[in-house]
Amino acid sequence: MGISLRGTLGLASAVAALTLGTGTAIADEEAELVVNEEIEMVVRAEAPDHLADTLDTIYSGWVFRSDETQALQADDFDNPGFVFVDVAMDAWNAADGAAGKSCADCHNDPMDSMVGVRAVYPKWNDEAGELRTLEMQINACRTGQMEAEEWKYDGSDMVNMTALISVPSRGLPVNVAYDGPAQEYWEMGKELYYTRTGQLELACANCHEDHYGDMIRADHLSQGQINGFPVYRLKNAKLNSAHARFKGCIRDTRAHTYKPGSAEFVALELYVATRGNGLSVEAPSVRN
Amino acid sequence: MAKGVKPRVKVPKTAAAGEAITIKTLISHKMESGQRKDSDGNLIPRSIINRFTTSFNGQEVLDVVVEPAVSTNPYFEFEALVPEAGEFTFTWYDDDGSVYEAKKAVAIA
Amino acid sequence: MNMTRRTALALGAGALAVTLLPLSAHAAADDAIATFTGGAEIGEGGLTLTTPEIAENGNTVPVSVDAPGAVAIAVFATGNPTPEVITAKFGPLAAAQSVATRIRLAGTQDVVAVAQMADGSFVRAANTVKVTIGGCGG
């Protein structure tokens, strides 16, 4: 037996309303995001076909943040995530592993060679016969080409590198494929998305599909889109991967969670990514 | 030297003589406040950037005493006069004695 | 539990101590401000303190101060364990006596800025910042 979700959230909204009074300055849901006065981000879009019966419009998490947090993402200098992009750029150019190679030796300047990459991951890899996240692809490069040690799936080296690789795709629409051999992973991810977990018996959908835009305590619930990942969070002042965020969400349902990099989270990332097909790649974005 | 400390500075490359310009700075630093405890309940010692200074051709622009209440990855935005061509020097002082420096040249347009 | 007059008094004293806590926090801030001013009188006006009305996360709260003609500006978070935040001194090449930064606030509280003007006088400005407790802190 679980607590009724609607009852819990209703109570939470009431408490939030009391705490916040009029609730001004929470978020400007109509705001438009232009980064560096140059990159026009699509922060709201028509829902992709597979969500046609569920949602009319998909929204970037940016839409739900406060004015101050929104402003941090409008300029790459104000966005603290970029100091970690700089750190990753040093790693990109540094040789590592027995082969004595750096990322740059094969891929030159990531601002040219990595255009469009973030937008299509996770992606089926025919040669390896597996669905790969960007993290898995980076580790495949490290072990296969560089003969270097794998990076920890959600460690800082890895999350910083995924942020760097995302930068040249900013403003491009997320366009993750889920047909062919990827489909069975997509179905598995979808099942996870709608499966209630934990003592609170909450599925992803209970908050991010049924209640986006509502308050959960003092937090403004988003649609749980991952087009902005990795994100710089004000909470922990570092870049956070999608899998780390999934883990945090599932832990908050008071469940044992899957591990970052697990088959379950890879499948969930594929499914959640396709819920955002049509939104712009924003990473590294800024959230609370 | 604390691990992974990296400064970022945004300064226009050119300015008119006597022009006021906006400068933004950020340095990656955990700014451990000295108020937190580890999982064993022991106090984590304070480790912060405690001072940040900016000068141009040796003349002072700004000198900030920084306390643990400043956020992780400390950020400062301010305005400076550029009387002639020259170089800004930005300096961050770490509790552990390390000093991090960044320099940016400005030409007169 | 058998409530005696003695336990009732003890409970009352406990409750009193709790209600006094914010005052002692302010006392620490008052001391810190007095250290900056040397105990001088503090006026109003000529100093702008900009803070959000509601901070989405107390870890990173944008704050800016601007006091044309000031020599130095100090910022205090009156509800933090240590109230001092920054003390900014402006040199001859400061184009404005203003600075913006991002600070930590331990909870909803008053942020106070005090500027030392060129003639040695002091002015202050204060804003309340509400710090929200997030729903899903991750």
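**A walk through chains A, B and C**

Let me begin inside the protein, where the largest nonpolar core has 56 residues, and among these B:Phe88 and B:Phe90 touch the most other members; a nonpolar core here is a set of buried Ala, Val, Leu, Ile, Met, Phe, Trp, Tyr and Cys residues joined through side-chain atoms within 4.5 Å, and buried means under 20% relative accessible area, with exposed being over 50% and partly exposed in between, using a 1.4 Å probe and protein chains only.

Please keep in mind that this is a predicted model, in which local features need pLDDT of at least 70 and side-chain atom pairs count only at pLDDT 80 or more, while totals for chains, interfaces and linings use all residues. Residues are numbered from 1 along each chain as its sequence is written, chains are lettered from A and ligands numbered from 1 in the order in which they are written, and side-chain values use heavy atoms, with hydrogens and water left out.

Staying with chain B, which residues does B:Phe90 touch, not counting residues up to four places away in sequence? They include B:Val9, B:Val11, B:Ile23, B:Phe52, B:Phe78 and B:Tyr100, where contact means heavy atoms within 4.5 Å.

B:Phe88 and B:Phe90 bring us to strand E7 (residues 86-94) of chain B, which runs antiparallel to E8(B) and is joined to it by eight bridges; strands (E, at least two residues) and helices (H or I, at least four) are DSSP runs numbered from the N terminus, and two strands pair if DSSP finds at least two bridges between them. Across this pairing B:Thr91 stands opposite B:Glu101 in E8(B), and in the hairpin, which has four residues between the strands, B:Gly97 takes a positive phi near 95 degrees. Strand E8 (residues 99-108) of chain B also pairs with strand E2 (residues 14-15) of chain B, in the parallel sense and over two bridges, with B:Ile108 as the bridge partner of B:Ala15.

Turning to chain C, we find one helix and nine strands, and the helix comes ahead of the strands when the pattern is read along the sequence. Of the 138 residues in chain C, 44% are buried, and among contacts between residues at least 6 apart in sequence, 62% join residues at least 24 apart.

Strand E8 (residues 109-117) of chain C is mostly covered, with seven of its nine residues buried. E8(C) pairs in the antiparallel sense with strand E5 (residues 70-77) of chain C over seven bridges, where C:Ala74 has C:Val114 as its bridge partner, and E8(C) pairs, again antiparallel, with strand E9 (residues 122-131) of chain C over eight bridges, where C:Val112 is matched with C:Ala126. What does C:Gly120 have in the turn of the hairpin that E8(C) and E9(C) form? C:Gly120 has a positive phi of about 90 degrees, in a hairpin with four residues between its strands.

Finally, in chain A, three strands form an open sheet in the order E10-E9-E11, with mixed pairing. Its edge strands, each pairing on one side only, are E10 (238-240) and E11 (285-287) of chain A. Strand E9 (residues 231-233) of chain A pairs with E11(A) in the parallel sense over three bridges, and A:Tyr232 has A:Val286 as its bridge partner there.

Chain A also holds helix H3 (residues 82-93), whose buried residues include A:Phe82, A:Phe84 and A:Trp92.
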